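Biologist: I have a structure open on my screen and would love some help reading it. Could we go through it together?
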2 protein chains.
Amino acid sequence: MNPDRYAPIGVFDSGLGGLTVVREIMRNLPDERLVYFGDTARVPYGSKSKATVIRYSRQIVRFLRTQKVKAIVIACNTASALALDTIKPEIDIPIIGVVRPGTDMAVKATKNKRIGVIATESTIRSGLYQRLIREADGEIAVFAKACPLFVPLVEEGWTRDPVTKIVAERYLEDLLKQRIDTLIMGCTHYPLLRSLLQEVAGTDVTLINPAYETAQALGRMLNENGILNDGQIEVGERYRFFASDTVERFNAFANSILPYEITTTQVPIESY
Amino acid sequence: MNPDRYAPIGVFDSGLGGLTVVREIMRNLPDERLVYFGDTARVPYGSKSKATVIRYSRQIVRFLRTQKVKAIVIACNTASALALDTIKPEIDIPIIGVVRPGTDMAVKATKNKRIGVIATESTIRSGLYQRLIREADGEIAVFAKACPLFVPLVEEGWTRDPVTKIVAERYLEDLLKQRIDTLIMGCTHYPLLRSLLQEVAGTDVTLINPAYETAQALGRMLNENGILNDGQIEVGERYRFFASDTVERFNAFANSILPYEITTTQVPIESY
């Protein structure tokens, strides 16, 4: 089956954070149609087990297939780290996560071969960031730190708050002692802390945003598969949004970070 | 059907926090058998919608019924506030939440008739604490504040940390300006912050722990229904623990706050 190049791309996340990836795809691939699913009824994934994250991700992939997507982006670091390798051989359309695009760029960016990774507990525990970097260049030293308070701090809206700065100083202290020159923001919420993180890490440290790198890698993947949308045919709505919990909070957050006013449909994801 | 007085009591929570209620029941009603379910695969409930929390609570009640429980305790403030009134008429065994025992004690404790409530976003938004207090005594003024960072701070282990103190000072500032003399800790994690909260609120403010009050109220409810366990017959295991996610993290936390070494069984709660 050759998927339709005019079909949408499916993007999913544990909740709202993946919208930062959507924003980058909209900027980088403006002709592409998107179907987004946020698992707001079961968010977050970052403290949950591999088996549970795989089960949830499979349900979401089944839902996205009902929307006739031509490719899938796992816009969640935890699901990318825990579920991508399992799901990839199970489906016949291209699928990409945010971890590898992030590590590819970090490996290119580091000069002193010392890279830091910050992410959720489950992402760090999976060891995937660490492994992919070492596979790309065995001479690179990787220093990883779980930062479980960053997501709630962002969701509380304290992105430029003195409390968040103290927390960031504490989380980054060991990484900075290790003289990293590159820091991967390995959770989709963290780019919303970018300026604060840059201040704490210092201007000598390059911050890597996997959301941006993933949008670039997605374009290359679609092109290689001959399914890049050339924008010649307008088919249906460009962007559609779905969530597993009721949609009021989702819409409020989405409309604050996307350049489009959106509406969202609730999906009973447990039945997929 | 007259339920067996030697049957266990079912206790459930969105995750681990309800174990503070379990601890109080073990102390107060040492002859009772308990079946605990923690919904660790979908935790937390505090940011989710009423419809979703009701759906999850119904699934858990169906699971607990398969364990032949004689009564149910909703050991989660959010589920008590959002789902108890809906579920109570649907079942034929006694069921109790943590909200009413907490408000009953707060109404007795206040002298200046000014009560503060701190809880999750969903609990505060439900307005149930506020409504029950006003129904008990229309002259009492209630001041409510959602404190979404407290749960992640407790789970990070920062219960006596300067960062947590700054956050608490900020969250409690408006309540203290209102000269409350009584403060309900309306989330099962908050009693783990008790000494820090007392320090911030000052010794003139009485802290109410709904977990403790619920264990007392449970004893009265069992007695009124003639199903209090008199401890004369030993039947099967005294305490059984179940969770929806894998159990390693659950056991580690449980063994840190309970006086018993426990083991936990995973349950596919979505299928109930």
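Modeller: Happy to, and please keep in mind that this is a predicted model.

Biologist: What rotation and what shift along its axis superpose chain B on chain A?

Modeller: A turn of 180° with 0.0 Å of shift along the axis does it, and the RMSD is 0.0 Å. The two copies are therefore related as by a two-fold rotation axis. In chain B, R42(B) has the C-alpha nearest that axis, 2.3 Å away.

Biologist: How do you know that the copies meet through the same surface?

Modeller: Look at the interface residues: 100% of those in chain B are also interface residues in chain A, so the same surface is used by the copies.

Biologist: What confidence does the predictor give the complex and chain A?

Modeller: For the complex, the ipTM is 0.92 and the pTM is 0.93. Chain A has an average pLDDT of 95, with 98% of its residues scoring at least 70.

Biologist: Why is helix 2 of chain A called roughly perpendicular to helix 3 of chain A?

Modeller: Their axes cross at roughly 70° and come within 9 Å. Angles of 65 to 115 degrees count as roughly perpendicular, so helix 2 of chain A earns that description relative to helix 3 of chain A.

Biologist: Which residues make the contact between these two helices?

Modeller: From helix 2 of chain A, they include V53(A), I54(A) and V61(A), and from helix 3 of chain A, L82(A), A83(A) and I87(A) are among them. By class, this contact has seven nonpolar, three polar and two charged residues.

Technical notes
Residues are numbered from 1 along each chain as its sequence is written. Chains are lettered from A and ligands numbered from 1 in the order in which they are written. This is a predicted model: local features need pLDDT of at least 70, side-chain atom pairs count only at pLDDT 80 or more; totals for chains, interfaces and linings use all residues. Side-chain values use heavy atoms; hydrogens and water are left out. Copies are superposed by least squares on the C-alpha atoms of residues with pLDDT of at least 70 in both. Contact means heavy atoms within 4.5 Å. pLDDT is the predictor's confidence in each residue, from 0 to 100. Axes are lines fitted to C-alpha atoms, for helices over the stretch in contact, and angles run from 0 to 180 degrees between N-to-C directions. Helices (H or I, at least four residues) and strands (E, at least two) are DSSP runs, numbered from the N terminus. Angles under 35 degrees count as roughly parallel, over 145 as roughly antiparallel, 65 to 115 as roughly perpendicular and the rest as oblique. Ala, Val, Leu, Ile, Met, Phe, Trp, Tyr, Cys and Pro count as nonpolar, Asp, Glu, Lys and Arg as charged, and the others, Gly among them, as polar.
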